[in-house]
Amino acid sequence: MDTAQLWTAALGEIELSISRANFITWFKHTSLERITDGCALIRTPNGFAKEWIEKKCADTVTAALRKHNPRITSIRCIIGTPVPRDIDGVHKPQTPNTHRIGDILRTARKNKQPTPPTNLPHVAHHPTTHRPPQSATTFTSYLNARYTFDNFIVGAHNELAHAACRTVSASPGEVYNPLFIYGDVGLGKTHLLQSVGNAIIAASPDKRVLYTSSERFTSELIDAIHNNTISEFKRFYQTIDLLIIDDIQFLAGKEKTQDEFFHIFNYLYQQNKQIIISSDRPPHAIATLEARLRSRFEGGMIADISQPDFETRVAILQKKADEKDLVLPEDAAQYIAKHVAQNIRELEGALNKIAAICTFHNRIPSRAVVEEILGARVTQQTSPTADILSVVSDHFNITRDDLTSSSRKKTIAYPRQIAIFLMREDHNLSYPEIGARCGGRDHSTIMHSYRKIKKAITHDHAIRNDIDIIRQKLRNM
Ligand code: ADP
Ligand code: MG
């Protein structure tokens, strides 16, 4: 039995011992790396899964593995993503920071530089392999050559962010440092950030451009602490010319990581090295972000990306259809754009589905065909509140009915407050709306619950942890 077969067999056992939701959330994209001295090394896609499996499930996993290989006595998780994952949150962008818009758009126009080719052979990209610890001599950017300015559609919703990124790629470290881009999930932050990296490498191939996520940064730091290689870790980051950190919101609450990041940030900043950061919300809305980091972020340029309007959605669909050599009639594109309005990733997903079905059946994606293909999706869309109620109840091992019941027991009231908090914070629902969805409660009760959690989250690590894990589960749905 090789490690892949052993892991498949063990997963079969594990699935029987834990809830389905937990199984899917925590074991998706895991693999068995190797067995060393009786210790099974399991690869997990992120720090949450590592923590959950090691803390809550180590015995179950060890037992499942031992059934097939009795020499295994313990497990340890390491982080490495088999498929590039987006770890976006679900916060609504707040009011855009519009200062210096005129400046930035002007500079961007002045600096219009040639767009890099779509395929950049020198840009190493290994989505399917674990990221080895980097050293100053071997260097990988972790950029995806697929993301360029060339295939990025500009509309009113992303004009400022796009202009800022163009400017930065023309004069890195000189104008907007750091550049902070924020916006809701699936709206193109990663695409834009990586476009800058690709453009800079295309213009100066010897520049050390590093793309990473704050989760990955954290786990590398944890590994460095564990392996006593913290000075190498710091030295490595100090050699970077352009540091791109995606989804910085995951640094929230991680004091030690923020501390190390702050020093690396300062070092690079003082050397005029460009830093680009993305987040699902503006710096001031990242709870438990150290004040000194927040003020550093706010000292640079902040640009938001909002929801694309209908016309932009149609333009994006047409562009993506062209890239696939798919003829998409205007009314079909409009139908998709009207019904898939949430974000660009979903728009792409819908188009991919249509393209696959139409190619397979050799049909033209007319409006009627598109309507038929998307029909089920359009009518069956699950609501975010329903998802929150089910994930929260599952997380706390209570029923959905408990959440909407009148019970005031702490074991039920606390999960209910968390659900209310997430509905408000992540989906911007009004207090009366939330009240209606949580068993017909009065809006003042809802407001009280929301404020209570909002306040507690700033100092209570356990609450923050619950919320982080629930958000992660919601994202994985
Ligand atoms: P985010 O990082 O904000 O969650 P991504 O950058 O991953 O979003 O974008 C989601 C998908 O939508 C990607 O495949 C990306 O290429 C595509 N996309 C987003 N914005 C645009 C755009 N303006 N033009 C073309 N494609 C886009
Ligand atoms: Mg992203």
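Me: Contact means heavy atoms within 4.5 Å. With that in mind, what share of the contacts in the chain between residues at least 6 apart in sequence join residues at least 24 apart?

Reply: The model is a predicted one. Among contacts between residues at least 6 apart in sequence, 75% join residues at least 24 apart. The chain holds 21 helices and 8 strands, and 52% of its 477 residues count as buried.

Me: Why is Lys-50 called buried?

Reply: Buried means under 20% relative accessible area. Lys-50 has a relative accessible area of 16%, and therefore Lys-50 meets the definition. Lys-50 is found in helix H3, residues 47-56. Leaving aside neighbours within four places in sequence, Lys-50 is in contact with Thr-44, Cys-77 and Ile-79.

Me: Why is Gln-258 called buried, and which residues does Gln-258 touch beyond those up to four places away in sequence?

Reply: The relative accessible area of Gln-258 is 1%, and the limit for a buried residue is under 20%, so Gln-258 counts as buried. Gln-258 lies in helix H10, residues 255-270. Not counting residues up to four places away in sequence, Gln-258 touches Leu-251, Ala-252, Gly-253, Thr-288, Leu-289, Glu-290 and Leu-293. One of these, Glu-290, is 32 residues away from Gln-258 in sequence and 7.3 Å away in space, C-alpha to C-alpha.

Me: What makes Leu-347 a buried residue, and where does Leu-347 lie?

Reply: Leu-347 has a relative accessible area of 1%; buried means under 20%, so the term applies to Leu-347. Leu-347 lies in helix H14. Apart from residues up to four places away in sequence, Leu-347 touches Arg-313, Ile-316, Leu-317, Ile-336, Ala-337 and Val-340. Leu-347 and Arg-313 are separated by 34 residues in sequence and by 7.9 Å in space, C-alpha to C-alpha.

Me: Why is the pairing of Glu-348 and Lys-320 called a salt bridge?

Reply: A salt bridge needs a side-chain nitrogen of Lys or Arg within 4 Å of a carboxyl oxygen of Asp or Glu. For Glu-348 and Lys-320 the distance, N to O, is 2.8 Å, so the pair satisfies the definition. Glu-348 lies in helix H14 (residues 344-361) and Lys-320 in helix H12, so the pair ties together parts that are 28 residues apart in sequence. Glu-348 is partly exposed at 22% relative accessible area, whereas Lys-320 is buried at 14%.

Me: What makes Glu-371 and Arg-367 a salt bridge, and where do the two residues lie?

Reply: The closest N and O atoms of Glu-371 and Arg-367 are 3.4 Å apart; the cut-off is 4 Å, and therefore the pair qualifies. Both residues lie in helix H15 (residues 367-380), 4 residues apart, about one turn of the helix. Salt bridges that share partners also join Lys-234, Lys-256 and Glu-260 into one network. The structure holds 16 salt bridges.

Me: Why is Glu-372 called exposed, while Arg-363 is called partly exposed?

Reply: Exposed means over 50% relative accessible area, and partly exposed lies between this limit and the 20% limit for buried residues. Glu-372 has 55% and is therefore exposed. Arg-363 has 35% and is therefore partly exposed. The side chains of Glu-372 and Arg-363 meet in a salt bridge of 3.5 Å, N to O.

Me: Why can Asp-322 belong to a patch of negative charge on the surface?

Reply: Patch residues have over 30% relative accessible area and no salt bridge. At 55% relative accessibility, Asp-322 is above that cut-off, and so passes this part of the definition. Asp-322 lies in helix H12, residues 310-323. The patch gathers Asp-150, Asp-322, Glu-323 and Asp-325.

Me: Which phi values are listed for His-29 and Asp-37, and why do they deserve a remark?

Reply: Most residues other than glycine have a negative phi. His-29 has a positive phi, near 60 degrees, and Asp-37 has a positive phi, near 45 degrees. His-29 lies in the loop between helix H2 (20-27) and strand E1 (31-36). Asp-37 has its place in the loop between E1 and strand E2 (39-44). Asp-37, at 78% relative accessibility, is exposed, because exposed means over 50%.

Me: Is the peptide bond from Asn-177 to Pro-178 cis or trans?

Reply: The bond is cis, with omega near -5 degrees. Most peptide bonds are trans. Pro-178 is placed in the loop between helix H6 (159-170) and strand E4 (179-183).

Note on methods
Residues are numbered from 1 along each chain as its sequence is written. Chains are lettered from A and ligands numbered from 1 in the order in which they are written. This is a predicted model: local features need pLDDT of at least 70, side-chain atom pairs count only at pLDDT 80 or more; totals for chains, interfaces and linings use all residues. Side-chain values use heavy atoms; hydrogens and water are left out. Patches are made of residues with over 30% relative accessible area and no salt bridge: like charges are joined within 9 Å, nonpolar side chains (Val, Leu, Ile, Met, Phe, Trp, Tyr) within 5 Å. Accessible areas come from the Shrake-Rupley method with a 1.4 Å probe; for residues, only the protein chains shown count as cover. Lys and Arg count as positive and Asp and Glu as negative; His and the chain ends are not counted. The place of a charge is taken as NZ of Lys, CZ of Arg, CG of Asp or CD of Glu. Buried means under 20% relative accessible area, exposed over 50%, partly exposed in between (1.4 Å probe, protein chains only).
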